[in-house]
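Please look through the two-chain model below with an eye to its sheets, its chain contact and its charged pairs. The questions that follow take these topics in turn.

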Amino acid sequence: MATALPNYSPANRFLDLISKWEYDVPLTTQWFVTITPKNPTYFLSKLNDKNNSGLFKDNGVILGGSQLNLLLNSSVQKNIEDPDASGLFFVQNIKLPKEAFTISTAAVESMGGYLKGAVAGDRLSLSERSINIGFLETNLDFNDGVIRPWIITAGYEGLVSVKGSSIKADIRVAQYTKARGSDKKPRRKLFEFFDCVPYSMGESSLDYEGEKINVNSVDWVFNNYSYAIV
Amino acid sequence: MATDQIIEKFFQQAVANDFTRDYHFRIESIVLAGQGGLVLNSNDLVFARTGKLPARNIVNQTVKYAGQTFNLPGAVEFTGSEAYEMEFYCPESSNIRERLLSESMRTFNAFDGSATGVNNSGYPLGTIAGPNSYMVVHQLNKILEPVVSYKLVGVSIRNVGDIAYEIAEGSGAIKTFNVSFSYHFFENDNIGPGPFRR
């Protein structure tokens, strides 16, 4: 019979810890994103104003199955707290912004062997951080149908908004992992970004090389964010 | 204490449980959704020569600590789901192969819109490789009753193989051809619904 590892083995201790939910390695593919315009009616009217050809229209009526409907219809996209929530299915990847502040040196000239001190500067500004979301291209393309007119509209409207008249949206990113006790789908992190607007979408190219899956990248600016662990 | 896994126990268990044999398998149906979608039933699938039970794999992820590598479970993948292969006897009319080729054309047809959405007559079609396209396979016992059934979900045709003929020196051998399908995942009685549903 194999001899059990002695109790002081670091490997044993690691195994004990990693066997607990709190220290286990999470599932990294279990996440989704919701994007909810703050004022859907105003948002839609502003997009209409600037972009007659940019929306999915059929005789002036927005097509019910379009991605725009997903964005505007909360019963379709569902609240993140809803156990059936699965977010926007065509979001393929997301980069969450970093958090940092600048460091500068506090010193006099010629300090010789003395270490120059570090002084905290400003936190990273909103213009230096952004959310990047990759959207899967589908037949009714969310990027060209919603994001492109949204960026054009934001270019005209600017980033200052009045309560009740905003073209901005809130983005929520929920991350889940394996079961914890009786909770079969525990949420381990929730990031919420407020007053988000897309400001840049990448170029796309067409060729004859073969069929492929396209994921188009969009950068978003936001006013503020919050996060919760577990 | 000596093990009880002795030859007598093996014999008792072998008599009680028997073994699955290499012919204890049937493909019950292949249904690909939408107008004109391929449907193969028992009249067609009786020509199937080979099939297999699908596999499931948990990708291994490693974490190291203090010189030791720990193996942790990662994401699930359905091994071979991109090419589930089957071999068919080819009937003289070649109708099964022709229908498989039609399905292959239906799966990719750039212009008549019949792959997804609606066809030219406005008839709504099922989505290629959607949840209503499936294959049901059975593992059988000795009296040909299904003991385990699997439903491959999101089936879509991939490869329809060639048939090589021996015009000059043929001996009358029965010809066969290969076909492969892809699917997204499978369900069976033992996999219950969970929050991640796979």
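The questions and answers below go through sheets, a hairpin, the interface and salt bridges.

This is a predicted model, in which local features need pLDDT of at least 70 and side-chain atom pairs count only at pLDDT 80 or more, while totals for chains, interfaces and linings use all residues. Residues are numbered from 1 along each chain as its sequence is written, chains are lettered from A and ligands numbered from 1 in the order in which they are written, and side-chain values use heavy atoms, with hydrogens and water left out.

Q: Which strands are the edge strands of the open sheet of five strands in chain B?
A: Strands here are DSSP runs of E with at least two residues, helices are runs of H or I with at least four, and both are numbered from the N terminus; two strands pair if DSSP finds at least two bridges between them. The sheet has the order 2-1-7-8-11 with antiparallel pairing. Those that pair on one side only are strand 2 (39-40) and strand 11 (185-188) of chain B.

Q: Which residue of strand 11 of chain B stands opposite B:Y150?
A: Strand 8 (residues 146-153) of chain B pairs with strand 11 of chain B in the antiparallel sense, over four bridges. Opposite B:Y150 in strand 11 of chain B stands B:N188.

Q: Why is one side of strand 3 and of strand 9 of chain B left without a neighbour in the sheet?
A: The open sheet of four strands in chain B follows the order 3-6-10-9, with antiparallel pairing. Strand 3 (48-50) and strand 9 (156-160) of chain B stand at its edges, so one side of each lacks a neighbour because each has a single partner strand.

Q: About what angle does the direction of helix 3 of chain B make with that of strand 9 of chain B?
A: Helix 3 (residues 95-107) of chain B packs on the four-stranded sheet and touches strand 6, strand 9 and strand 10 (176-182) of chain B, where contact means heavy atoms within 4.5 Å. Axes are lines fitted to C-alpha atoms, for helices over the stretch in contact, and angles run from 0 to 180 degrees between N-to-C directions. The angle with strand 9 of chain B is about 120°.

Q: Which residue in the turn between strand 4 and strand 5 of chain B has a positive phi?
A: Strand 4 (residues 57-65) and strand 5 (residues 68-77) of chain B run antiparallel and are joined by eight bridges, with B:I58 opposite B:V76. They form a hairpin with two residues between them, and the residue with a positive phi of about 50° is B:A66.

Q: How many salt bridges does the rule find across the interface of chain A and chain B?
A: The contact takes 14 residues from chain A and 12 residues from chain B. Chain A and chain B bury about 1100 Å², 78% of it on carbon and sulfur atoms, buried area being the accessible area (1.4 Å probe) that two parts lose on being put together, summed over both. With a salt bridge defined as a side-chain nitrogen of Lys or Arg within 4 Å of a carboxyl oxygen of Asp or Glu, the number across this interface is zero.

Q: How many residues apart in sequence are the parts that A:R129 and A:E99 tie together?
A: A:R129 forms a salt bridge with A:E99, the closest N and O atoms being 2.9 Å apart. A:R129 lies in the loop between strand 6 (117-123) and strand 7 of chain A, and A:E99 in the loop between strand 4 (91-95) and strand 5 (101-106) of chain A, so the parts tied together are apart in sequence by 30 residues.
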